[in-house]
Each structure stands twice: as structure tokens, then as C-alpha cells.
Amino acid sequence: MQKTVALIQMDIAYGQPEANRKKVEEKIAQAMEQQPDLIMLPELWDTGYDLTRLDEIADDHGQTNKSFLQGLARKHQVSVIGGSVSNREETGTYNTLYAFDPSGKQTAEYKKVHLFRLMEEEKYLKAGNQEGVFQWDGLLCAAAICYDIRFPEWIRKMMLRGAHVLFVPAEWPEPRLSHWRHLLISRAVENQCYVVACNRAGKDPKNTFAGHSMVVDPWGEVIAEAGEDEEILFADLDLSLVQKVRSTIPVFTDRRPELYE
């Protein structure tokens with residue numbers, strides 16, 4: 001099975017959801033000129049890390065952003081991994097990923113599990129506690145958000161469900177770019193899966209972000225990588241390669257989980 005993905009590596013207007021929705025709409029229209037099967041956005045593309053104002057600017061139950069993304073998926077007949085957005089619920093505000101199929105049907109909701117203290121997420125956001133496993137066109141996939149990739153046991157738990165692709169939206173800062181690259185490649189190699197990771201570009205008042213959105217194949221080869229600036233990154237996935245790699249080096253069969261506890 002061959003699939004083409006488009007990663008929208010964009011700068012984000014700090015704390016300006018309406019401006020960001022307008023930009024996303026334009027970027028998705030631009031990406032569709034090459035007719036990808038799936039489009040992916042970065043983490044917190046609606047608000048950026050304007051965390052102190054989330055009570056004011058976060059989306060109530062994700063309603064506005066879900067409707068917006070659903071409409072774009074349906075309009076362009078494309079699957080959308082909606083990066084993540086600020087989602088305000090009764091229990092608090094969550095960093096939440098939504099995904100939609102080309103008909104506009106919601107296929108995934110994942111709330112970031114590991115909150116990043118260096119950017120004070122734990123002060124303003126609530127952590128999720130559910131796995132991010134979902135179906136993309138009949139293929140099992142998984143989602144993680146940014147800091148989550150530093151927890152291989154969490155990623156492996158989801159990949160043991162049989163997922164073939166790990167989608168990772170992020171706002172990864174530039175000083176740790178080398179960690180970003182090494183961690184994504186490691187997650188691909190150890191789980192023998194594709195890793196499709198969309199980072200943001202640009203700056204906010206406190207951070208400079210790394211860009212370098214990446215697609216890594218199940219052998220750990222980087223098959224596409226963006227630079228530091230805004231870019232739409234395209235990559236072709238040969239999804240039959242996942243099973244070939246897993247058959248060649250049967251890591252999942254050879255596990256001895258009784259020794260790991």
C-alpha cells in the first residue's frame with residue numbers, strides 16, 4: 001500500500017486562533033495541489049504556547065477546531081491529522097489531537113500524556129491517560145505529541161497493538177534539535193514502523209523552534225526532512241515495508257515481557 005503524506009511545518013501566531021485557522025486553511029489548499037492522502041499539522045497550532053491565556057483563548061470542548069478540521073477534510077477529500085489544539089473541558093484544558101477521514105468523520109482523539117515542565121505545561125494543562133491508537137484507511141496507527149516521544153515504554157505499548165505508523169505533532173525547541181532527530185529515528189527502529197513527525201517553525205516570546213519535520217521509515221532511514229523555515233514536506237510511504245521489516249528481524253515475536261517488569 002502506497003500513501004503520500006504532507007506535513008505542514010508552519011510558524012504559529014502567538015495566542016491568535018483565528019489567524020492560525022486562516023493560515024491552516026491556506027496551507028492545506030496549497031498542499032492539496034500535490035494531492036496527498038493525508039495532511040498533518042503541528043502541535044498547538046491554534047494558540048501556540050500562550051499558556052497563561054488559555055482560559056480566554058482555548059477552544060471549548062474543541063468544538064470550533066473540530067468543525068474547522070472536519071470541514072477541510074471533507075472539502076478536500078483528504079485525511080487530516082489535526083496536529084493538536086488547546087481543548088478546554090470541565091476538568092481542565094488538554095493538549096488534544098483530533099484526526100478525520102476524507103468524509104469528515106472523526107477517527108481519533110488523543111490527549112497529550114506527558115506534560116513538559118520546561119515549558120510549564122503542567123501549570124496550565126491537564127494530562128491525558130488514554131492511548132492514541134486509531135484507524136487510517138483501514139491501517140492501524142498511533143499518535144503521540146512532542147514530549148511523549150521521550151517515553152519509549154509508552155510508544156511501545158501502543159505499537160504492540162499492531163500500529164504501522166506513529167504520528168507525532170510537535171513544538172520542539174531548536175536547542176534540542178539533535179534529540180528530536182535521534183528520538184524519532186530510535187522510535188522508528190525499535191518499533192519497526194514509519195514515524196511521521198510534524199514540528200513547527202518560527203519563534204514565540206520565549207522559544208525558537210527547530211522545524212526539521214521528518215518522516216522515518218521502519219529501517220530508521222530518514223526519507224524526508226524539512227529545514228528550519230516554513231515548508232510543506234511531502235513523503236511517500238510504502239506501508240508494505242513495515243511487515244517486511246518485522247518479518248526480517250522479528251523483534252515483536254522475540255520479546256520476553258515476563259522479564260521486563
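This report describes the overall form, the enclosed spaces and several individual residues of a predicted protein model.

## Overall form

The protein has 261 residues, and a compact globule of that length would have a radius of gyration near 18 Å; the value for the model is 17 Å, which agrees. Along the principal axes, the C-alpha trace spans about 50 × 40 × 35 Å. The secondary structure consists of eight helices and 14 strands.

Of the 261 residues, 56% count as buried. The accessible surface comes to about 11,200 Å², and carbon and sulfur atoms account for 46% of that area. Among contacts between residues at least 6 apart in sequence, 68% join residues at least 24 apart.

## Largest pocket

The largest pocket has a volume of about 190 Å³. Its lining includes Tyr 14, Tyr 49, Leu 51 and Thr 52. Leu 118, Met 119, Glu 120 and Tyr 124 also line the pocket, as do Asp 204, Pro 205, Lys 206 and Asn 207. By residue class, the lining divides into seven nonpolar, two polar and three charged residues.

## Largest cavity

The structure holds one cavity of 30 Å³ or more. The volume of the largest cavity is about 70 Å³. Tyr 49, Phe 116, Met 119, Cys 146 and Tyr 147 are among the residues that line the cavity; Arg 150, Glu 171, Trp 172, Pro 173 and Arg 176 belong to the lining as well. The cavity lining has seven nonpolar residues, no polar ones and three charged ones.

Two residues appear in both linings: Tyr 49 and Met 119 are listed for the pocket and also for the cavity.

## Tyr 94 and Gly 128

Tyr 94 is part of strand β6, which covers residues 92-100. Its relative accessibility is 10%, so Tyr 94 counts as buried. Leaving aside neighbours within four places in sequence, Tyr 94 is in contact with Val 85, Ser 86, Asn 87 and Glu 89, among others. Further contacts of Tyr 94 include Lys 111, Leu 125, Lys 126, Ala 127 and Gly 128. Asn 65 lies 29 residues from Tyr 94 in sequence, and the two C-alpha atoms are 13 Å apart.

Gly 128 sits in the loop between α4 (121-124) and β8 (133-136). Gly 128 is buried because its relative accessibility is 11%, below the 20% limit for that class. Beyond four places in sequence, Gly 128 is in contact with Tyr 94, Lys 111, Lys 112 and Val 113. Lys 111 is thus listed for Gly 128 and also for Tyr 94. The C-alpha atom of Gly 128 is separated by 7.9 Å from that of His 114, a residue 14 places away along the chain.

## Positive phi at Gln 35 and Leu 44

Most residues other than glycine have a negative phi. Gln 35 has a positive phi near 50°, and Leu 44 has a positive phi of about 45°. Neither Gln 35 nor Leu 44 is a glycine.

Gln 35 is found in the loop between α1 (17-31) and β2 (38-40), whereas Leu 44 is in the loop between β2 and α2 (54-57). Is each of these residues buried or exposed? Gln 35 counts as exposed, since its relative accessibility is 63%, and the class begins over 50%. Leu 44 is buried, with a relative accessible area of 0%.

Key
Residues are numbered from 1 along each chain as its sequence is written. This is a predicted model: local features need pLDDT of at least 70, side-chain atom pairs count only at pLDDT 80 or more; totals for chains, interfaces and linings use all residues. Side-chain values use heavy atoms; hydrogens and water are left out. On a 1 Å grid over the protein atoms alone, a cavity is a set of points where a 1.4 Å probe fits but cannot get out, and a pocket is an open set with protein on both sides within 12 Å along at least five of seven lines; lining residues have an atom within 4 Å of a point. Grid points are joined across faces, edges and corners, and a volume is the space filled by probe spheres set on the points. Ala, Val, Leu, Ile, Met, Phe, Trp, Tyr, Cys and Pro count as nonpolar, Asp, Glu, Lys and Arg as charged, and the others, Gly among them, as polar. Helices (H or I, at least four residues) and strands (E, at least two) are DSSP runs, numbered from the N terminus. The radius of gyration is taken over C-alpha atoms; the globule rule is 2.2 Å times the number of residues to the power 0.38. Buried means under 20% relative accessible area, exposed over 50%, partly exposed in between (1.4 Å probe, protein chains only). Contact means heavy atoms within 4.5 Å. Accessible areas come from the Shrake-Rupley method with a 1.4 Å probe; for residues, only the protein chains shown count as cover.
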